[in-house]
Amino acid sequence: MQKTSARLLSLLSLLQVRRDWPGALLAERLCVSPRTVRRDVDRLRELGYPIVASKGPDGGYRLGAGRELPPLLFDDEQAVALAVALQSAAGTGAGIEEAAARALHTVRQVMPARLRHRIDALQVTAVERPTARPAPQVDSSVLMALSAAVHAREVLRFDYTPASPPGAGQDGTGPPPRRAQPHHLVTWGGRWYLVAWDLDREDWRIFRADRIRPRTPTGPRFTPRELPGGEVAAFVADRFRGSDGPDDWPCRGEVILDLPAAAVSRYVHDGLVEELGPDRCRLVLGSWSWPGLAATIGRFDADIEVVGPPELGHAFAHLARRYAKASAGGPAEV
């Protein structure tokens with residue numbers, strides 16, 4: 001059985017990860033009796049943690065919100081996870097790098113020596129993916145405002161700066177504020193985006209958070225709509241590649257590769273890989289263009305058999321001529 005102090009830490013950690021805990025389940029997780037759980041809850045209350053108890057056969061416990069911040073306690077895994085997250089903050093694009101560094105310093109100061117040694121040995125450097133243009137930083141207050149609107153299900157009013165700002169109206173004013181029902185705040189490629197239902201255009205839109213300037217107050221509450229496909233990650237990925245579903249690539253072809261399916265599937269994110277033998281597989285993949293699809297398939301160092309359509313075979317022939325001229329030092333085919 002754990003010592004009392006260690007058990008209190010485990011109990012507090014459990015109370016923080018879900019809203020309600022039945023007393024019997026807590027006792028089972030801590031390997032103690034329900035009576036011991038009640039005593040430990042009383043000890044945490046004495047330390048300032050507002051734990052609410054519900055009576056009855058299904059009674060349990062909930063960690064409430066207190067007026068004052070009680071001592072923060074983390075188990076070893078939580079402390080390491082927090083340190084890694086704070087060190088990785090530079091790659092979030094949220095403009096919180098300095099605050100994260102100060103928070104890490106504060107947390108480190110109150111850690112026991114054994115944890116400080118682990119954190120000091122775990123040095124993480126967040127390196128952003130190189131791009132032609134660096135991802136713009138987003139004011140953390142904007143992210144908080146967007147997140148609050150998503151959580152409260154309130155219509156968001158905001159000014160939105162397009163990529164190429166249009167000229168002002170005849171009266172010298174800019175465009176009217178946008179109105180949208182915010183559903184999700186997401187990150188993609190180092191940038192922050194808001195997935196929302198545009199009330200004026202009556203369609204789903206993905207807005208760049210760095211171009212949003214929220215207006216106050218927010219609008220009325222709304223009933224959330226069902227996102228196409230039901231999954232925000234798939235919806236955002238489909239929108240960024242320009243399609244409305246997994247089967248809407250403008251060019252989709254099928255080939256047979258002389259490679260094991262396991263060796264191919266790890267590099268194919270939205271294609272279909274079917275095992276045909278120990279060293280042979282079928283690959284169905286999509287792309288923006290036939291030459292682009294042929295070039296993508298050509299990355300695999302293996303013999304290729306084109307199943308179809310004919311446009312894919314023509315694209316391979318087109319690239320073969322272009323590569324042949326390039327290898328001979330002649331002018332590339334346009």
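**Confidence and salt bridges in a predicted model**

Colleague: Which element of the protein has the lowest mean pLDDT, and which the highest?

Modeller: This is a predicted model, and among the elements of the protein the highest mean pLDDT, 94, belongs to strand β4 (residues 156-160). At the other end of the range, with a mean pLDDT of 72, stands helix α5 (residues 97-109). The lowest is therefore helix α5 and the highest strand β4.

Colleague: Over which residues is the pLDDT below 50?

Modeller: The mean pLDDT of the protein is 79, and 77% of its residues reach 70 or more. One stretch falls below 50, although beyond near neighbours in sequence this stretch has nine contacts in the model. Where pLDDT is low, the predicted coordinates should not be read in detail. The stretch in question is residues 243-247.

Colleague: How many helices and strands does the protein have, and what share of its residues is buried?

Modeller: In secondary structure, the protein has eleven helices and twelve strands. Of the 334 residues in the protein, the buried ones make up 32%.

Colleague: What part of the contacts with a separation of 6 or more joins residues 24 or more positions apart?

Modeller: The count takes the contacts in the protein with a separation of 6 or more and asks what part of them comes from residues 24 or more positions apart. One salt bridge with a wide spacing in sequence is that of Arg62 and Asp20, whose parts are 42 residues apart. For the contacts of the protein, the share is 57%.

Colleague: Which parts of the chain does the salt bridge between Arg62 and Asp20 tie together?

Modeller: A search of the whole structure finds 14 salt bridges, and in one of them the side chains of Arg62 and Asp20 meet at 2.9 Å, N to O. Because Arg62 lies in strand β3 (residues 60-63) and Asp20 in the loop between α1 (4-17) and β1 (21-22), the pair ties together parts that are 42 residues apart in sequence. Arg62, at 30% relative accessibility, counts as partly exposed, and Asp20, at 37%, counts as partly exposed too. The parts tied together are thus strand β3 and the loop between α1 and β1.

Colleague: In which strands do Glu254 and Arg282 lie?

Modeller: Glu254 and Arg282 form a salt bridge, with their closest N and O atoms 2.5 Å apart. Glu254 is partly exposed, with a relative accessible area of 22%, and Arg282 counts as partly exposed at 24%. The pair ties together parts 28 residues apart in sequence, since Glu254 lies in strand β9 and Arg282 in strand β11.

Colleague: Is Asp198 buried or exposed?

Modeller: Asp198 lies in strand β6, and its side chain reaches the backbone nitrogen of Asp200 at 3.0 Å, while the backbone nitrogen of Arg201 lies 3.2 Å from a polar atom of that side chain. Leaving aside residues up to four places away in sequence, Asp198 touches Arg178, Arg179, Ala180, Asp203, Arg205 and Phe207. Because its relative accessibility is 0%, Asp198 counts as buried.

Colleague: With which residue does Asp200 form a salt bridge?

Modeller: The closest N and O atoms of this pair are 3.1 Å apart. The pair links distant parts of the chain, with Asp200 in the loop between β6 (191-198) and β7 (203-208) and its partner in strand β5 (residues 178-188), 21 residues apart. Asp200 counts as partly exposed at 42% relative accessibility, and the partner of Asp200 is Arg179.

Note on methods: Residues are numbered from 1 along each chain as its sequence is written. This is a predicted model: local features need pLDDT of at least 70, side-chain atom pairs count only at pLDDT 80 or more; totals for chains, interfaces and linings use all residues. Side-chain values use heavy atoms; hydrogens and water are left out. A salt bridge is a side-chain nitrogen of Lys or Arg within 4 Å of a carboxyl oxygen of Asp or Glu. Helices (H or I, at least four residues) and strands (E, at least two) are DSSP runs, numbered from the N terminus. Buried means under 20% relative accessible area, exposed over 50%, partly exposed in between (1.4 Å probe, protein chains only). Contact means heavy atoms within 4.5 Å. A polar contact is a pair of N or O atoms within 3.5 Å; within protein, one must be able to donate a hydrogen and the other to accept it, and residues adjacent in sequence count only if both atoms are side-chain atoms. pLDDT is the predictor's confidence in each residue, from 0 to 100.
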